[in-house]
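Biologist: I would like to request a close look at one part of this model, namely the packing of its helices and what lies around them.

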Amino acid sequence: MGHAQRTGTTRHRSALLPPRTGTAARRAPAPSPRPPHPRPRTTRLRRALLSALLTAAIVTPLAGAARPQIPAPPPAILTTPLTPSTLPSAYEANRRNATEAARMAAVHGDAHRAAADRALAAPSRRLLAFDGRGTGQATEVLGDLTHAEHIAVLVPGSDTTLDTYARFHRAASALYTHLTHRTGPAHGPVPRVAVIAWLGYETPATVSTTVTTTTRADEAAPRLRALVRRLRTLAPAGTHLSLLCHSYGSVVCGRAAPGLDADDIALVGSPGTGADSVAALHTRARVWAARGSDDWVADVPHVRAGLFGTTVGFGTDPVSTAFGARVFDAADADHSGYFTPGSASLANLARITLDHPREVTRG
């Protein structure tokens, strides 16, 4: 949600009134000195949040206008219905589309976007969907979706675009590697798993007005539901499906939750979901939540308030008792560290993905 610096000073109300004159002024008792009290933490944070919103309302549109739109072809049109047997041809069509997007970005002079598109066009990548226009969207499959017994869908937060996709891919790859490299007799055979990196919506910028409202999440929710429905048709019947939702992505999962055919929903680094409790999500899924001790999102006020004709904030803290989620251990993870190899949070997210709730270490 960005860090805003407060400017100006707070003045006593009497400084805004004209000075008293005459007898009344002479007789007015001098105000008794009061020891300075530090402003409560929540008040400071709310002021910082409002300051960030006002700054973003001015700065973000100007910053966005400064960068020309990157040209790209429209998404590939699949000529046959998407089924397990047609998945390879769908992957190939989307890779060709990414190759063309890379060429167009290079001609446009955007080497960074061209490199990002080119990486996604590599023969080893499995793109369920790709759209190189604007900030870009992509849905990538790690593993064999058609034989997966367990599927994890990663839902990213703010500032995730094709330009920053490599970072998101590293998180998905770290989880996939952890899931497929479980060794020792206690773990049994390597499970058949697939990890879906879903950049299927336009994420908000961290410093912007959109990151403090559910607007982008409301737009994304139907797309996430559609993805889950599609995965259910491509994977074997009875496959265990989990949503792993990071930061603003947890708002997306919260808005998509009613009627969503998921078995588990894990919220990490969450500012809130827009719902006051697990019950208010109206989902049959088990709902988990975790926050690392070094995550700055703990300082975000868990409030909802009317501001500028919209609702700002996402309500109850997902790791609070009042929310009612199953809180699990994330140790000292910072906001970007929940998928760090070797971390407690990654291990627990893997256990949730594999439907081993009793092995999840609680927070």
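Is the crossing of α3 and α4 left-handed or right-handed?

Modeller: The model is a predicted one, and in it the crossing of α3 and α4 is left-handed. The axes of α3 and of helix α4, which spans residues 111–120, come within 8 Å and cross at roughly 165 degrees. An angle over 145 degrees counts as roughly antiparallel, and α3 is therefore roughly antiparallel to α4. On the α3 side the contact is made by R95, A98, A101, A102, A105 and A106; on the α4 side these meet R113, A114, D117, R118 and L120. Sorted by class, this contact comprises seven nonpolar and four charged residues, with no polar ones. As a general point, an α-helix has 3.6 residues a turn, so residues three or four places apart point the same way.

Helix α3 (87–108) also takes part in the interior, being one of the elements that give two or more residues to the largest nonpolar core. This core has 46 residues, of which L145, I151, V153, L224 and L243 touch the most other members. Besides α3, the elements that give two or more residues include the strands β3 (150–155), β4 (193–199) and β5 (240–246), together with helix α7 (248–256). The largest share, eight residues, is supplied by α6. For L243, once neighbours within four places in sequence are set aside, the contacts are V153, L224, V228, C253, L260, A262, D264, I265 and A266. A second core, separate from this one, holds 39 residues, among them F168, A197, I352 and V360.

Helix α7 is mostly covered, with eight of its nine residues buried. The buried ones are Y248, G249, S250, V251, V252, C253, G254 and A256. Their cover includes β3, β4, α6, β5 and β6.

Another helix pair may be set beside that of α3 and α4. The axes of α5 (residues 165–180) and α8 (residues 344–353) come within 10 Å and cross at roughly 65 degrees. Angles of 65 to 115 degrees count as roughly perpendicular, and α5 and α8 are therefore roughly perpendicular to each other. Their crossing is right-handed. Here A174, L175, H178 and L179 of α5 meet L346, A347, L349, A350 and T353 of α8. By class, the contact has seven nonpolar and two polar residues, and no charged ones.

Technical notes:
Residues are numbered from 1 along each chain as its sequence is written. This is a predicted model: local features need pLDDT of at least 70, side-chain atom pairs count only at pLDDT 80 or more; totals for chains, interfaces and linings use all residues. Side-chain values use heavy atoms; hydrogens and water are left out. Axes are lines fitted to C-alpha atoms, for helices over the stretch in contact, and angles run from 0 to 180 degrees between N-to-C directions. Helices (H or I, at least four residues) and strands (E, at least two) are DSSP runs, numbered from the N terminus. Angles under 35 degrees count as roughly parallel, over 145 as roughly antiparallel, 65 to 115 as roughly perpendicular and the rest as oblique. A crossing is left-handed if the near helix is turned anticlockwise from the far one by less than a right angle, and right-handed if clockwise. Contact means heavy atoms within 4.5 Å. Ala, Val, Leu, Ile, Met, Phe, Trp, Tyr, Cys and Pro count as nonpolar, Asp, Glu, Lys and Arg as charged, and the others, Gly among them, as polar. A nonpolar core is a set of buried Ala, Val, Leu, Ile, Met, Phe, Trp, Tyr and Cys residues joined through side-chain atoms within 4.5 Å. Buried means under 20% relative accessible area, exposed over 50%, partly exposed in between (1.4 Å probe, protein chains only).
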